[in-house]
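Reader: Could you walk me through how some of the helices pack here?

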Amino acid sequence: MLDGVLTGSVYALMATGLTLIFGVMNIINIAQGILVILGAYLSYTLSVHFGIDLFVGLIITIPTLFVVGVVVERLFMARLKGPERTSMSILVTYAISLIIEGSLNMIYSINVVQLKAWYVDKSFPIFGVYLPYIYLFGFILAVVLLTSLYIMLYRTRFGASIRASLADQVAAALVGINVARVSTICFGLGIAVTAAGGMVYGATNAFNASTSYDLISRLLTIIVLGGMGSLGGALLAAILMVTLGDVVAVVWSPIWSSPTFFFVLVIVLSLRPQGLFGKQSARVA
Amino acid sequence: MTKAKPTAWSLGLAVLIVFPLIVTNPAWTSIGVLTLMFMACTTSWNMFSGYSGYVSLGSAIFFGSGAYTMALVSTHAHMAGGAALFWLIPVAGLVAMVIAVPVGAIALRVRRHTFVVITIALFFVFQLLAINASFTGGAAGIYIPLINWGASYYNVPFYYVALGMVIFATLLSAAVRRSRFGLQLLAIRDDEDRALGLGVRVTAVKLTGFVMSAFTLGMAGGLYCMLQGQIYPQFVFDPTFDITVALMAFLGGFGTLLGPLLGGLILEASQQYLTESFSNGSLYLILFGVLFLLVILFMPQGIVVAVSQWWNGRAQRRELAATTDPAAVGANT
């Protein structure tokens, strides 16, 4: 239950990046899953080969993935235009994800690894159960990053231009916002959060490159459930997903914990096609 | 859009018919069967997704259901392995259609972009069901009755059945394309709200198209199950199948008739060849990804459209730019 809320916050962080990218740019980034794994492997390399602590390593990995995001956006995403843009973006990001997956397999082999640190092995007692410290630290990290993201979005001028682009790109461009630049930075930010998400994910799960399929399907369902483009929705849906999975695993069987969330998604969408907090009007004929 | 001449079509068909008579190496005919299977799947996928613009990434739901229909019926009915199993292939298609009704009813409640994601989610529901439900044999998979015609000749019957599927899917797709129903699907792709306003019953039309396209996908699943002799949930409910089928259609030409056939032919054949030549699967993933990226960026409308535009453009470039420039069309809507 409790670790559900704790890991849920990490999923929320990763899903926020995805929903931000979709909201501003109408791009569905299938590569988000593999980028989380890339972030995890970067932390792995830094900690194993250079002895840098996982959390300290984020000072390097977050900017690295931000740059990766900016480069990908400039090289590929900015070229996508026209009515089939969103569909094409799925294919392009899928292709990127295949290239990264192949490269990671070659560099790190397909054996699963897990990040190691003292706080991964040591546990602390809380409400009668023992949890590794990483859950607590990861939760704090996710809360700090999400809060700073929210402060940036809702309290700064740049954040206002991002929200304006989320609401209406054409109108935003008309009042003098450089939507192309906002898009590039947004894509970079959306990717940068995967560095932190990947580190915590890699410390709490054994992973290899193909783990990304499970991750991306979860992240996509989170943002659809929350309502695509809704930041608050992504947060709530992430916590809902992980908590629900844990409850089902305890009271019923671990086998059914992940299907349950997909079933919930299907039920919610039959009642509310736009998701819990979706603003887009999806007319039902 | 290209309209290849009837002679070109018959020539292509003739080549496909004689292929296994000339090339008898089982390694090659096996590539042939899989290539035809993907050509049929992609054509069928394109009949709904290509015409309506609703990109489905859940085609493995129907492929997998077809494969499981074949496996479960043949084992529970204690059928003898052999050509009689081919009769189960249409059954597999029908079961896939029945499954497509509720799947489509749920997934088609939302508009395009969310539809893509929901088909992925529904796909994972089916994969997890296949792994965890009691009647599917779980992760251990199912072995179907052994087919014991000779090894050198083994692929040939499958080849012709798969070819029949390709012909069926192509004719159906062509018929839909020319019908009033097909025009309604295309209208939905261009502007759904306007189509609705003009009296197209969009929900019914989309659902019908979705269910129709499940038929061939289910049959292909049944054929695949027979060919392999055994199935595992991860191999028939495979997320890369979803993506591969969509990719083939985009590569060849989304929404065209020839495109999916060409895309399936080029991609599956080269994919099989690359997998055999490079034992290193990771290098293959990278090559595949790069190829994929180049095609999307430089031929976003697919090979068929790119080639035909280049061909027509040589003679009448000015006319073409004035009348069918996609940017001008886009600006009007």
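Reader: How are H10(A) and H11(A) oriented to each other?
Author: H10(A) and H11(A) are oblique to each other, a class for angles outside under 35 degrees (roughly parallel), over 145 (roughly antiparallel) and 65 to 115 (roughly perpendicular). This is a predicted model, where local features need pLDDT of at least 70, side-chain atom pairs count only at pLDDT 80 or more, and totals for chains, interfaces and linings use all residues. Side-chain values use heavy atoms, without hydrogens and water, residues are numbered from 1 along each chain as its sequence is written, and chains are lettered from A and ligands numbered from 1 in the order in which they are written.

Reader: At what angle do they cross, and which residues meet?
Author: The axes of H10 (residues 212–226) and H11 (residues 231–251) of chain A cross at roughly 125 degrees and come within 8 Å, with angles running from 0 to 180 degrees between N-to-C directions. Arg218(A), Ile222(A), Leu225(A) and Gly226(A) of H10(A) meet residues of H11(A) including Ala234(A) and Met241(A), contact being heavy atoms within 4.5 Å. By class, that contact has seven nonpolar, two polar and one charged residues.

Reader: Switching to chain B, how do H3(B) and H4(B) pack?
Author: H3 (residues 59–76) and H4 (residues 88–107) of chain B have axes 8 Å apart and pack at an angle of about 130 degrees, and they are therefore oblique to each other.

Reader: And what does H3(B) touch in H4(B)?
Author: Residues of H3(B), among them Phe62(B) and Met70(B), meet residues of H4(B) that include Val95(B) and Ile99(B). That contact has 13 nonpolar, four polar and no charged residues.

Methods. Helix = DSSP H or I, 4+ residues; strand = E, 2+ residues; numbered from the N terminus. Nonpolar A, V, L, I, M, F, W, Y, C, P; charged D, E, K, R; others polar.
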